[in-house]
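The following exercises introduce a structure step by step. Each task is followed by a worked solution.

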Amino acid sequence: MISSSIYAKDVVSTYPKAIQTALEYLKANDFTKMETGVYEIQGKDIYAQVMDCVTKPVEEGKPEVHEKYVDVQFVASGKEKLGFTPDTGKYEVAERFDERDLIFYKSVEDEGYLEARPGSYNIFFPGDVHKPGLISGESMTIRKVVVKVSVALL
């Protein structure tokens, strides 16, 4: 997992090229003025999902992982809390959606939390369980972008 801001001093050049492409896309667009939906960056290898969601209590969040894509999660407006923990391989699957590369776990252990504000990004690799969209302070609608990067590009 990597957590930083698009406003941070340039360390992006040390990331794999596909992650650099995702972050350059995030820097180049004003997502508060874009329609929600899916935007191809490099076909199905790198694409962005622009969404609005209402943050929810921690106990209502679902821990999730992906096998084929890295998530580059970016907050364009509002703020959210995100849970995270390593995938130990011991967690029980609650739901699995192979066509969406999405696995929800019933529960996880040793979860840490961070707060995402406008401009911040969090990169979750297949070994990173994450629980996005949680309340930070009070529930609110946030504008969020998730850039999906195929692990085949890394």
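**Exercise 1. Determine how Asp52 is placed and what its side chain joins.**

Step 1. Asp52 is partly exposed, at 41% relative accessible area; here buried means under 20% relative accessible area, exposed over 50%, and partly exposed in between, with a 1.4 Å probe and protein chains only.

Step 2. The model is predicted: local features need pLDDT of at least 70, side-chain atom pairs count only at pLDDT 80 or more, and totals for chains, interfaces and linings use all residues. Residues are numbered from 1 along each chain as its sequence is written, and side-chain values use heavy atoms, with hydrogens and water left out.

Step 3. Asp52 forms a salt bridge with Arg143, the closest N and O atoms being 2.5 Å apart. A salt bridge is a side-chain nitrogen of Lys or Arg within 4 Å of a carboxyl oxygen of Asp or Glu.

Step 4. Since Asp52 belongs to strand β3 and Arg143 to strand β12, the pair ties together parts that are 91 residues apart in sequence. Helices (H or I, at least four residues) and strands (E, at least two) are DSSP runs, numbered from the N terminus.

Step 5. Arg143 counts as buried, at 11% relative accessibility.

**Exercise 2. Compare further salt bridges with the one above.**

Step 1. How many salt bridges are there by this rule? The count comes to eleven.

Step 2. Glu40 and Lys44 meet through their side chains at 3.8 Å, N to O. Glu40 is exposed, with a relative accessible area of 52%, and Lys44 is exposed as well, at 56%.

Step 3. Arg117 and Glu115 form another salt bridge, with the closest N and O atoms 2.5 Å apart. Arg117 is partly exposed, at 46%, and Glu115 is partly exposed, at 36%.

Step 4. A network of salt bridges links Glu67, Arg96 and Asp98.

**Exercise 3. Describe the open sheet and the helix that packs on it.**

Step 1. Six strands form an open sheet in the order β1-β10-β5-β12-β3-β2, with antiparallel pairing. Two strands pair if DSSP finds at least two bridges between them.

Step 2. Which strands stand at the edges? They are β1 (2-5) and β2 (37-42); each has a single partner strand, so one side of each is left without a neighbour in the sheet.

Step 3. Neighbouring strands of this sheet are turned by 20° against each other on average, direction ignored. Axes are lines fitted to C-alpha atoms, for helices over the stretch in contact, and angles run from 0 to 180 degrees between N-to-C directions.

Step 4. Helix α1 (residues 17-28) packs on the sheet and touches β2, β3 (46-54), β5, β10 and β12 (141-150). Its direction makes about 155° with that of β12. Contact means heavy atoms within 4.5 Å.

**Exercise 4. Examine strand β10: is it enclosed or open, and what are its partners?**

Step 1. Five of the five residues of β10 are buried, so the strand is largely enclosed by the rest of the structure.

Step 2. On one side lie Ser120, Asn122 and Phe124, on the other Tyr121 and Ile123, and all are buried.

Step 3. β10 (residues 120-124) pairs with β5 (residues 69-77) in the antiparallel sense over four bridges. Phe74 stands opposite Tyr121, and Gln73 has Asn122 as its bridge partner.

Step 4. β1 also pairs with β10 in the antiparallel sense, over four bridges; here Ser3 stands opposite Asn122.

**Exercise 5. Locate the nonpolar cores.**

Step 1. A nonpolar core is a set of buried Ala, Val, Leu, Ile, Met, Phe, Trp, Tyr and Cys residues joined through side-chain atoms within 4.5 Å.

Step 2. The largest nonpolar core has 23 residues, and those with the most contacts inside it are Leu26, Phe31, Val72, Tyr121, Val147 and Val149.

Step 3. Two or more residues come from each of α1, β3, β5, β10 and β12. The most are given by α1, with six residues.

Step 4. A second, separate core of six residues includes Ile103, Tyr105, Val108 and Val129.

**Exercise 6. Work out which face of strand β9 is buried.**

Step 1. In β9 (residues 112-116) the side chains alternate: Gly112, Leu114 and Ala116 point to one face and are buried, while Tyr113 and Glu115 point to the other and are not.

Step 2. Strand β6 (residues 80-86) pairs with β9 in the antiparallel sense over five bridges, and Leu82 has Leu114 as its bridge partner.
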